[in-house]
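Hi,

Here is the structure you asked to look at. Please open it first, then read my notes below.

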Amino acid sequence: MQFHVAYSSYLNRKYTKMKALYHAIRDAIHEGNLIHGEKLPSTRELAATYHISRGTVNQVYDTLTAQGYIHSEHGRGTFVAYQLDLNNNASTEKACTHHLSAWGNRIQQFEQPSIQRNTPANAHTHDSRMNSDEVIDFSKYQPDFSKFPYDEWNNRLYAEIRQREHHLKTTSAMVSSTGDPKLREAIAAYLRRMRGIQVDPDHIAVTAGSMQAIALLTQLLADPGDYVVTESPCYVGISKAILAAGAKLIEANLDGQGVVPQDWEARMLFVTPSRQFPTGEMLSLERRQTLLDWAQRNDAMIVEDDYDSEFRYRGMHVEPLKTLDKAGRVIYLGSFTKTLPLEVRLGYVVLPPTLADTFRKAQALYEPRPVNLIEQRALAAFMTSGQYERHLRRMNRLYSRKFHLLLKLLNKQLSTWFDWVENEAGLHVFGWWRGSVTTYEAFRESARSQGVVYSEVSSSTTVGTKYGIYLSFAHLSDEQLQEGVSRLKNAVTTAL
């Protein structure tokens, strides 16, 4: 018969074989894994299962019988006799409270993000209009995986898996928490060539996506009660990381040139200068220099999140703020989540030399060994061979066509009600609602009934709240883009 208890776990605690088996069975009964009336293996079967003597099993069964946990019936076998009080156990769990730290209590309060999906009404009902294959979902911020070079990527993965034993036998098995050295070298070469950033690979840390870097940097640089500046609106993960650290938010206003600099009394600034998230506005050169001057005067750090600058459809790539930084005040974040399959969660952070070692120690606290090491090594080979940049060029051509199609449709059909932010980069298009709060709410409800999903943001102004929406397009076909915009137009005309 099939039977399992945690015998090996107890044996690893240096129990004798008899004590290990006794505690494994007794605790399994206490925890409800072996329930009242359940038949246990015979002494012969159990001895064979765990490679122990039958005499040892007999002693364990005798002890458990004497304590009332099990009983034997002649000719039938041995059964669990202990009756677990499930009702009492459940009520005890409900009544139990756990002391949370201040950080834990702040995490508990996170419920609704400031950037929300406009989920269609009745999306989980049997309404035929709401079938998943009929909903047009502009909220998925993901690549077009149908064009990803899986053969080349899989070949790199398989090669690294075959090399696994070799890596384990060499000193390369002891890789720093900051990531595989070859990947950090490949990222440094890529940044020099494509982004104009001169960086030592030792000052690069590979992370499990950019969010891990955002949370770690906030914990490292902001004390509880410190002020941290964000753009308004911004990526919701940034504001959550700040609040979780106990710091206070300063929400900086935006205009057509990006964030509006002020003389903030703050420790940090999070900014997306190449393409503000989510509006897409680009920070002007004059303001970049103003921000660097502010950081130097206030002994503050600027975290530059360059989240999708790989995709630009016209003109030269905009140089990152990091390229202007001569004083070590800018920390640069990049990510592979827009270019690699979803299951590969890798990002990176470029650190000033004075912060690199501290960040390494903080990262090692959470991840003593580097994350996704096989994928890291595969990506290093993918980048070094030139396949990664060829992949980016192919996707740039594809996304350029989709971007211009979507923008043309929006300007033709919805420019009366939305002020679409003009830009030539990224994987989404953003627009501010031109009407009132009341008319936007009517449009929102109408769009839900039309079966359209999109992401929305709100921003407080001197004249009240204004709403904006952004539409991610990379994963959608031309036909879906056309149908989605048509539904949004119908939503406006139906509501208003």
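These notes cover one sheet, the helix packed on it and one threonine.

Keep in mind that this is a predicted model.

**The sheet**
The sheet is open and has seven strands. Their order is S6-S14-S13-S12-S11-S7-S8, and the pairing is mixed. Which strands sit at the edges? They are S6 (204-207) and S8 (248-252), and each of these pairs on one side only. From one strand to the next, the twist averages 20°.

Now look at one pair inside that order. S7 (residues 227-231) runs parallel to S11 (residues 268-271), and two bridges join them. Find Val228 there: Met268 in S11 stands opposite.

**The helix on the sheet**
Helix H9 packs on this sheet. H9 touches three strands: S6, S13 (330-335) and S14 (347-350). The directions of H9 and S6 make an angle of about 110°.

**Thr178**
Next, go to the loop between helix H8 (164-169) and helix H9 (181-194). Thr178 is found in this loop. Is Thr178 buried or exposed? Its relative accessible area is 9%. Buried means under 20%, so Thr178 counts as buried.

What does Thr178 touch, leaving out residues up to four places away in sequence? The contacts are Arg184, Ile204, Ala205, Val206, Arg360 and Gln363. Closer in sequence, there is Ser176. The side chains of Thr178 and Ser176 make a polar contact at 2.8 Å.

Best wishes

How values were computed: Residues numbered from 1 in each chain as written. Predicted model: local features only at pLDDT ≥ 70, side-chain atom pairs only at ≥ 80, totals over all residues. Heavy atoms only, no water. Helix = DSSP H or I, 4+ residues; strand = E, 2+ residues; numbered from the N terminus. Buried < 20%, exposed > 50% of the residue type's maximum accessible area, 1.4 Å probe, protein only. Polar contact = N/O pair within 3.5 Å; in protein donor to acceptor, adjacent residues only side chain to side chain. Contact = heavy atoms within 4.5 Å. Pairing = 2+ DSSP bridges. Axes fitted to C-alpha atoms, helices over the stretch in contact; angles between N-to-C directions.
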